[in-house]
Amino acid sequence: MRFSIDGLDGKARTALENDLFAIADTKFVLGNWYTRSIMNGRSLPDFAALTAMTGAAYGHTRSLWQYLVNFGHIYGWIERGRGAADIRSMNMLDTPPASWPDFLATTWLAEQATWMAISGYLNCPDRALAGLAEKIGEETYFHLKYAEGWMEILSESAADSRAFTAALEKRYPLALAWLGATEGSDALKKAGLRDISPAKMQKAFAAEIAKGTAWTDKAVSLPDATPQIPGWNAAMRRAGPLPDRLFEAIRFRDPEAAH
Amino acid sequence: MATRIKEDLYDEAAELALQHRVKAGYVIEDESEMTSRYRDVVTNTMHIAADLEIMTLPVYHPALVAAPTLEDRIAVAAAIQDELGHAQVMYRMLEDFGYDTVELLFERDPADFRTFYMIEHPQHDYIECCVAMLLGDRAGYTTTRDLEENCSFGPYARSLRKVNFEEQWHVGHGERWVKFFWNHSPETRKRVQKYVDFIFPMAAMWFGVPDSMKKRTDQLAYKIRGASNDEMRQRWLTEVVPYCEQVGIDIPAHFDKEKNEYVLDYEMPILLNEETGEWDYTTVTWEEKFNQWRKGGRNKVAALERLQGECWGKEFW
Amino acid sequence: MKRKKIQRKREIGGATPRFYEVFARKTSDDPLTHVGSIEAPNDALAEVRAWYIHDEHEWRELCVVPTAAIIAVTERGRNVKIKEV
């Protein structure tokens, strides 16, 4: 039988919509992080890589936003009609990076977390969504490889290692919270849409982060349990609206030229 | 670091012999085959090309931030990525001649970058970016096509295959979207015309001084390039004038039936008022024009300083 | 805004850059061809940089090789071991 969103029960439909919005909007803010980081790049090939990752993150955003039209939204509204209180990106990306190591740590966490979330759909009965997840996976490989390559460089400096570790310890709880605290999360597994539960995703994510930070001098102190974030909105997968400065930085301007 | 033999006088016999060989079609593959002056001319050409490419990053970046839709942001990012790939190709080749890319990009005084006036002004939004692709990328593409076809230094000529493949896309993108914004609304049409007015004379001057004025013809003598300044300017006009006339865009150039060629409506050189952003179509002296070029566009130093610096925290966004 | 200070040894692989040569082909019929050269201090960054800088085609195959691993035969003693095809 052909997959149809309308064929899903209410809970599963809402859970899917919420999950995809959370991933899409996080990718969107991540694309903006990459945009603003390009000229901070530390070599000519870095400038090129950061520009490419900007395009890729925005491309993932576009695919997901286009998919979300299936839920009855108008694309123009998704892209340009929403305010700071409507964007569902990860709280972890609310604060701008304080340094190159912080930038690397945070984008690496964001890439790992969003990949964990979307990879749950690789075997989804909706082949369109499964294909989308696969494409994101192919490109995420290179984003993670970029971080890995830079971590090798950071590992050769005690100061950079410390800065990276400090950033990781600060940002990680928010990534963990984003993966774990979902409403109606079992509804997706029950409906056969996603083959991994949030609890399992958190575990897999924690294992990847532990593996990826084995090079740090002192063991990174990361929480096991899902942090409780004050003001957490389970449907939005975040606490509070986007900070004003961030929203101002990411929003689409120039409505005269929009099409 | 490659050794450079600096002679007080070039060995004129050897230079002349090489000029004959390349004119006959000989393609140089390695530095060891170059005479001193050939080496100087080709590395000078590549150095300018490299600096022009890297300058596109700070120039296009505001358009990436301001692009009105996600699709447009993706298009600008793709264009920037291409240009950075071109910069990579050029600086990589310069490394083979003993240049140091870290020094060139991150330690050199921004005022010493060898960019052209047209690329020293930022594109504030997507419409300006598309007009720049239509006219500016088209100018660069005219140069790089000539180099790929004719350059006697094989590795440089071949490296332009990728560059030209991608520039063709940029020019096409510019053509499609300028036409779109011309017809989209009265407001966007006004914006297209305004930026065309601003950039057209700069793009026309991309090709340098008229042939009658050109003292050094080394690039032609050593077949680093095939066409002269005027020939390339004519090629560019042949492509942009019919397009603009067909769309309805007002430009200061037309086809002169008597001369049987495209001509500018004004006599070069003319000066830009950097404060107002408007051109004064009164012909000035070449010394005045060289002074404007030497001073550089308002944005040049700040743009390059941004590449050499880093912004975090409150400065990040 | 503060000025970047590039740490050459860690970030580019030494006083002068560590280079990798990039090889690719578009289809199974094409020969594997040299398409460019990039600098990177380690293999991971070499892989990524080659991928992003040489994305002019959807390659059937792409690989990178440290320039130091190449033994020049005809080009021995020359400045440049591999000429762009």
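## A tour from the A–C contact to chain B

Begin by selecting chains A and C together in this predicted model: 18 residues of chain C are in contact with 15 residues of chain A. To see which parts of chain C take part, colour α1 (8-11), β3 (33-39) and α2 (43-53) of chain C, the elements that each give two or more residues to the side touching chain A. Among these, α2(C) deserves a separate selection, since it contributes eight residues, the most of any element on that side. If you then colour the residues of chain C on this side by character, you will find eleven nonpolar, six charged and one polar.

Next, hide chain A and keep chain C alone. Its two helices and four strands follow one another from the N terminus in the order β-α-β-β-α-β, and the C-alpha trace spans about 50 × 35 × 20 Å along its principal axes. Of its 85 residues, 35% count as buried, and among the contacts in chain C with a separation of 6 or more, 46% are between residues 24 or more positions apart.

Finally, select chain B, where there are eleven helices and five strands to trace. The C-alpha trace of chain B spans about 65 × 60 × 35 Å along its principal axes. A compact globule of 317 residues would have a radius of gyration near 20 Å, and chain B, with 20 Å, therefore agrees with that expectation. Of the 317 residues of chain B, 43% count as buried, while 71% of the contacts between residues at least 6 apart in sequence join residues at least 24 apart.

Definitions and conventions:
Residues numbered from 1 in each chain as written. Chains lettered and ligands numbered in written order. Predicted model: local features only at pLDDT ≥ 70, side-chain atom pairs only at ≥ 80, totals over all residues. Contact = placed C-beta atoms within 7 Å. Nonpolar A, V, L, I, M, F, W, Y, C, P; charged D, E, K, R; others polar. Buried ≥ 20, exposed ≤ 12 C-beta atoms within 10 Å, placed from the backbone. Rg over C-alpha atoms; globule rule 2.2 N^0.38 Å.
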